[in-house]
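Ready for a walk through a protein model? Keep your viewer open and follow along, one selection at a time.

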Amino acid sequence: SVAALMETIGSGAVTAPFTAVKDSDVIVVIGANPTENHPVAATYFKQAAKRGAELIIMDPRGTAMKRYASHMLQFKNGADVSLLNAMMHVIVEEKLYDQQYIQAHSEGFDKLKEHLKKFKPEDMEKISGISAEEIRTVARKYATANAAIIFWGMGVSQHTHGTDNARCLISLALMCGQTGR
């Protein structure tokens with residue numbers, strides 16, 4: 001995670017505390033089990049879901065947080081990158097990205113757009129185990145949120161493609177301008 005953060009945004013630190021969910025209308029939790037490992041944070045996530053925020057859990061394991069989730073994407077082990085790239089494919093395909101933010105704060109978006117052409121949700125459905133329609137729905141919700149936030153844990157970074165997972169999550173946040181909101 002730190003390598004991907006340094007490479008993409010120039011800092012290895014998180015960009016928001018878990019308490020920021022109180023100001024978020026979409027919350028993505030991936031590669032983390034807050035109920036077991038971060039119970040104080042889990043309380044904030046649960047309260048946000050109860051007040052109407054969309055809580056999207058992405059994890060190959062079933063977690064206790066899924067009962068509060070509006071979407072539980074229990075993808076196949078090792079399919080994180082495929083799933084995240086499919087979400088970004090939808091955002092690019094439907095032009096849901098924040099063009100002004102991208103122009104002002106990022107580089108290499110055209111190269112990313114070209115890369116994402118290979119990740120159609122219908123093709124990634126077979127790899128990830130998540131239906132193309134669910135991938136599209138979650139991508140749209142994240143991209144069109146007033147204020148979305150992503151929380152990831154060691155389940156994202158502690159395996160062979162962990163840096164790529166983090167790169168995908170950072171790219172997702174940047175393309176939608178969801179930093180600092």
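Two strands count as a pair here if DSSP finds at least two bridges between them. Keep in mind along the way that this is a predicted model.

**Stop 1: the sheet**

Start by selecting residues 26–30 and 54–58, which are strands β1 and β2. The two run parallel and are joined by 5 bridges. For a close look at this pairing, show valine 29 and isoleucine 57 in β2, which stand opposite each other.

Next, add residues 71–73, strand β3. Here too the strands run parallel, with 3 bridges between β2 and β3. Methionine 58 is a good place to pause: leucine 73 in β3 is the residue standing opposite.

How covered is β2? Of its 5 residues, 4 are buried, so the strand is mostly covered, with buried meaning under 20% relative accessible area.

Now bring in residues 148–152, strand β4, to complete the picture. In what order do the strands of the sheet stand? The order is β3-β2-β1-β4, in an open sheet of 4 strands with parallel pairing. Because β3 and β4 stand at the edges with a single partner strand each, one side of each has no neighbour in the sheet. If you turn the view, you can follow the twist: on average, neighbouring strands are turned by 15° against each other, direction ignored.

**Stop 2: the helix across the sheet**

Select residues 132–144, helix α8. This helix lies across β1, β2, β3 and β4, and runs at about 125° to β3.

**Stop 3: a salt-bridge network**

Stay with helix α8 and show the side chain of arginine 136. Is arginine 136 buried or exposed? Its relative accessibility is 11%, so arginine 136 counts as buried.

Side chains of opposite charge can pair when their charged atoms come close. Which side chains does arginine 136 meet in salt bridges? One of them is glutamate 122, at 3.1 Å from N to O. Glutamate 122 lies in helix α7 (residues 121–128) and arginine 136 in helix α8, so this pair ties together parts that are 14 residues apart in sequence. At 37% relative accessibility, glutamate 122 counts as partly exposed.

Glutamate 94 also forms a salt bridge with arginine 136, at 3.9 Å from N to O. This pair links distant parts of the chain, 42 residues apart, with glutamate 94 in the loop between α4 (80–93) and α5 (99–105). Glutamate 94 is partly exposed, at 29% relative accessibility.

To see the wider arrangement, select Glu93, Glu94, Glu122, Glu133, Arg136 and Arg140 together: salt bridges that share partners join them into one network.

**Stop 4: another salt bridge**

Move on to lysine 117 and glutamate 114, whose side chains meet in a salt bridge at 3.0 Å, N to O. Lysine 117 is exposed, with a relative accessible area of 52%, while glutamate 114 counts as partly exposed at 49%. If you would like to find the rest, the count for this model comes to 9 salt bridges.

**Stop 5: a nonpolar patch**

Finally, switch on the surface and select Phe18, Val40 and Tyr44. What do they make? Together they form a nonpolar surface patch of about 250 Å². Valine 40 sits in helix α3 (residues 39–50) and is exposed, with a relative accessible area of 53%.

Terms used. Residues numbered from 1 in each chain as written. Predicted model: local features only at pLDDT ≥ 70, side-chain atom pairs only at ≥ 80, totals over all residues. Heavy atoms only, no water. Buried < 20%, exposed > 50% of the residue type's maximum accessible area, 1.4 Å probe, protein only. Axes fitted to C-alpha atoms, helices over the stretch in contact; angles between N-to-C directions. Contact = heavy atoms within 4.5 Å. Patch = residues over 30% accessible without salt bridge, like charges linked within 9 Å, V, L, I, M, F, W, Y side chains within 5 Å. Areas by Shrake-Rupley, 256 points an atom, 1.4 Å probe, with all protein chains shown as cover. Salt bridge = Lys/Arg side-chain N within 4 Å of Asp/Glu carboxyl O.
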